[in-house]
Amino acid sequence: MQDILNDICKTITAEPNKGKVASYIPELACIDPEQFGISVALPDGQVFNAGSAHQLFSIQSISKVFTLTIALGKLGDAIWSRVGREPSGDPFNSIVQLEHEGGKPRNPFINAGAIAVTDAIMMGHKPRETLGEILQFVRFIADDNSIGIDEKVAQSEKLTGDRNASLAHFMAAFGNLKNPVEQVLGTYFHHCSISMSCEQLAQAGLFLVSDGINESTGFRVVSAQRARRINSLMMMCGHYDGSGEFAYRVGLPGKSGVGGGILAIAPGKASIAVWSPGLDSIGNSKLGTQALELLVQKTGWSIFGH
Ligand SMILES: NC(=O)CC[C@H](N)C(=O)O
C-alpha cells in the first residue's frame, strides 16, 4: 500500500494542471495549489500516508456527511421530510430547484440541504452548543481531540455568504427553517470551516467502512443499515452535478469540499482521504479525483469491480 501511495503522489505532483482554488471564499483563495496529500486508513488500525497527509485544510462540504449522521441520530427518518435523497444535477449552491420543489432541497449535500440539516440538528439550541456537539462528534469518530475550527475561514465565508443567505431565507419563506436564519448560517459556516488533515479525515470515515463500527477504536457509531444508507447518498449526491462522473471514474461513495478534500469509502476495505486544493469547473478537487481514480485502478477497490 505504501508503494502504491508513493507512486500516486509522484504522478499527481508532476501534473502541470492543478485546477483552480476556490476564490469565492477569500480565505481559501490564498491556499497554495501545489500541495497534495493522501491517507488510507484500514479497519485494522493501519494508516498509510503520502505527501502532505498531516497538513490541515478546510474540510468544507465534507462536514455535511458528519452533520447528516448527527441529524439521523437525532431525528431518524423525520429528517427526510425536510430534505430529499435524490441527486440534484445542479451546482452545489443552486437555488432554482428550491422554488419548484416547495423549499425542500434535493439532498443533504448541496448547500441548501446542508443548511436545512444544520437547522434540524440545532433544535432550539444556541449555535455555540450545536457547534460544540458537531465538533465533539467529529473528534469522537476521528479519535482525535485536537480537531478544531478555523475561525478566519468561517468569518471569510460569512463575509461573502450572500448566496447561502439567499438559500436560507428562501427555505425560511417556505417554513423549512425553524431557527433564526443568521444563527443557522453562522453554525453552517463554522462546521464547514473545521480543519482536518487527510489522516484525521480518513480515520473519521472508518465507521462507514465497517457497517457503522469504527473497528480501530471498537466503537459503534451508527447501525449497519444507517452506514449503508449514508454511503449510498455519498455515491449519488456527494459530488453534486459531478456525481455521475465521479462514480464513472472512481466508483466509490465520496464527498468533496471546496477546500479540495475528498473523503471516499471503500466498504469493507478502507477509508481514504485526499487533498489537492485546485478544483474542476464543478467545484470538486481536480487532482484529488485523479488520485482516487489511480488508487482504484491499482487496488480494484471500486464497488463496481476492476
Ligand atoms: N462545496 C462546498 O464545499 C461548499 C461549502 C461552502 N462552505 C459553501 O457554503 O459554499
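The domain assignment of the protein chain, whose bounds come from an automatic or database source, gives domain 1 (2-60 + 195-299) and domain 2 (63-192). The model is a predicted one, in which local features need pLDDT of at least 70 and side-chain atom pairs count only at pLDDT 80 or more, whereas totals for chains, interfaces and linings use all residues. Residues are numbered from 1 along each chain as its sequence is written.

The centres of the two domains, taken over C-alpha atoms, are separated by 21 Å. To their contact, in which residues are paired if their C-beta atoms, placed from the backbone, lie within 7 Å, domain 1 and domain 2 contribute 31 residues each. On the side of domain 1 that touches domain 2, two or more residues are given by each of helix H2 (26-29), strand E5 (194-196), helix H10 (198-204) and helix H11 (224-237), the elements being DSSP runs numbered from the N terminus (helices, H or I, at least four residues; strands, E, at least two). H11 gives the most to this side, with six residues.

The residues around the ligand, counted as near if the C-beta atom, placed from the backbone, lies within 6 Å of it, are Gln60, Ser61, Phe92, Asn93, Asn111, Glu157, Asn164, Cys192, Gly257, Val258 and Gly283. Three of the shell residues are nonpolar, seven polar and one charged, where Ala, Val, Leu, Ile, Met, Phe, Trp, Tyr, Cys and Pro count as nonpolar, Asp, Glu, Lys and Arg as charged, and the others, Gly among them, as polar. Because domain 1 and domain 2 both give residues to this shell, the ligand lies between them.

Note on methods
Contact = placed C-beta atoms within 7 Å.
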